[in-house]
Amino acid sequence: LHARGYPVGLLERERRVPLHDTLPAPTVARTGRPIRVDAAGWTAEFPGASDLPAMAGLGQVVALPVGGPAPLAVLVVGRSGAAPYDEDDIGFLDAVAEHAAQVLRRSVLVDLLRDRDRRLGLTLGVARAGTWEMDVETRRFDVSAELRRLYGIADDQPLGTLDAYLEHVH
């Protein structure tokens with residue numbers, strides 16, 4: 001949970017919200033459907049919840065799924081004043097939610113790649129095996145420190161091409 005523009009400590013009680021709670025974010029997380037509510041309808045729609053709109057000075061609140069009907073997260077946005085969110089506003093917020101979903105998906109992939117690289121590094125270290133990489137377009141060539149050690153190539157010795165590397169292979 002992160003909020004901007006709210007009084008300090010206002011959201012501390014709701015820092016962790018159970019998925020079964022009757023609040024906008026958990027409801028959207030469970031259903032995958034957006035919610036729009038004004039300050040007047042807040043208590044009727046979310047009985048038992050703190051009167052967040054009144055405490056934060058919000059007239060309108062919208063909660064949108066981030067990442068489709070099985071959300072990765074929920075974007076909750078509030079605005080002061082009585083003017084409801086129109087379709088242009090919702091379209092803009094949907095675009096923000098889609099960008100956030102892409103970022104979240106990429107962060108999951110980055111974590112998976114980091115874990116894979118960590119495991120590969122451990123495996124190569126135990127096997128005492130080296131690696132090499134070549135950019136097919138530029139033909140630039142690079143070898144790992146372990147491969148340099150195996151072939152007796154100094155760390156400061158440049159190996160810019162495949163041909164330079166192959167000179168060290170017997």
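T27 is placed in helix α1, which covers residues 24-31. The model is a predicted one, and T27 is a convenient point of entry. T27 counts as buried because its relative accessibility is 15%, and the limit for buried is under 20%. Leaving out residues up to four places away in sequence, T27 touches D21, T22, G32, I35 and F46.

The last of these contacts, F46, leads further inside. With neighbours within four places in sequence set aside, F46 is in contact with T22, L23, P24, T27, I35 and V37. F46 also belongs to the largest nonpolar core, which has 11 residues in all. The other members of that core are L23, V28, I35, V37, W42, A49, L52, L58, V61 and A63. Two elements, β1 (35-38) and β2 (60-66), give two or more residues each to this core. Another core, of 7 residues, lies apart from it, and includes L147, I153, L159 and A164.

From the cores the path goes to the surface. L150, Y151, L166 and V169 make a nonpolar surface patch of about 310 Å². One of these residues, L166, lies in helix α6, which runs over residues 162-166. Is L166 buried, exposed or partly exposed? L166 is partly exposed, because its relative accessible area is 43%, and partly exposed covers the range between under 20% for buried and over 50% for exposed.

Helix α4 comes next. This helix takes in residues 87-127, and L112 is found in it. L112 is a leucine that counts as exposed, because its relative accessible area is 54% and the cut-off for exposed is over 50%. How far is the C-alpha atom of L112 from that of R139? The two C-alpha atoms are separated by 28 Å, and the residues are 27 places apart along the chain.

The loop between α4 and β4 (132-134) contains R128. The backbone of R128 deserves a look: its phi is near 55°, a positive value in a residue other than glycine. R128 is classed as partly exposed because its relative accessible area is 49%, and a residue has to be over 50% to count as exposed.

Taken in order, the route began at T27, buried in the model, and went by way of F46 to the largest nonpolar core. The route then passed the surface patch that L166 helps to make, and L112 in helix α4, before ending at R128 in the loop between α4 and β4.

Technical notes
Residues are numbered from 1 along each chain as its sequence is written. This is a predicted model: local features need pLDDT of at least 70, side-chain atom pairs count only at pLDDT 80 or more; totals for chains, interfaces and linings use all residues. Side-chain values use heavy atoms; hydrogens and water are left out. A nonpolar core is a set of buried Ala, Val, Leu, Ile, Met, Phe, Trp, Tyr and Cys residues joined through side-chain atoms within 4.5 Å. Buried means under 20% relative accessible area, exposed over 50%, partly exposed in between (1.4 Å probe, protein chains only). Helices (H or I, at least four residues) and strands (E, at least two) are DSSP runs, numbered from the N terminus. Contact means heavy atoms within 4.5 Å. Patches are made of residues with over 30% relative accessible area and no salt bridge: like charges are joined within 9 Å, nonpolar side chains (Val, Leu, Ile, Met, Phe, Trp, Tyr) within 5 Å. Accessible areas come from the Shrake-Rupley method with a 1.4 Å probe; for residues, only the protein chains shown count as cover. A salt bridge is a side-chain nitrogen of Lys or Arg within 4 Å of a carboxyl oxygen of Asp or Glu.
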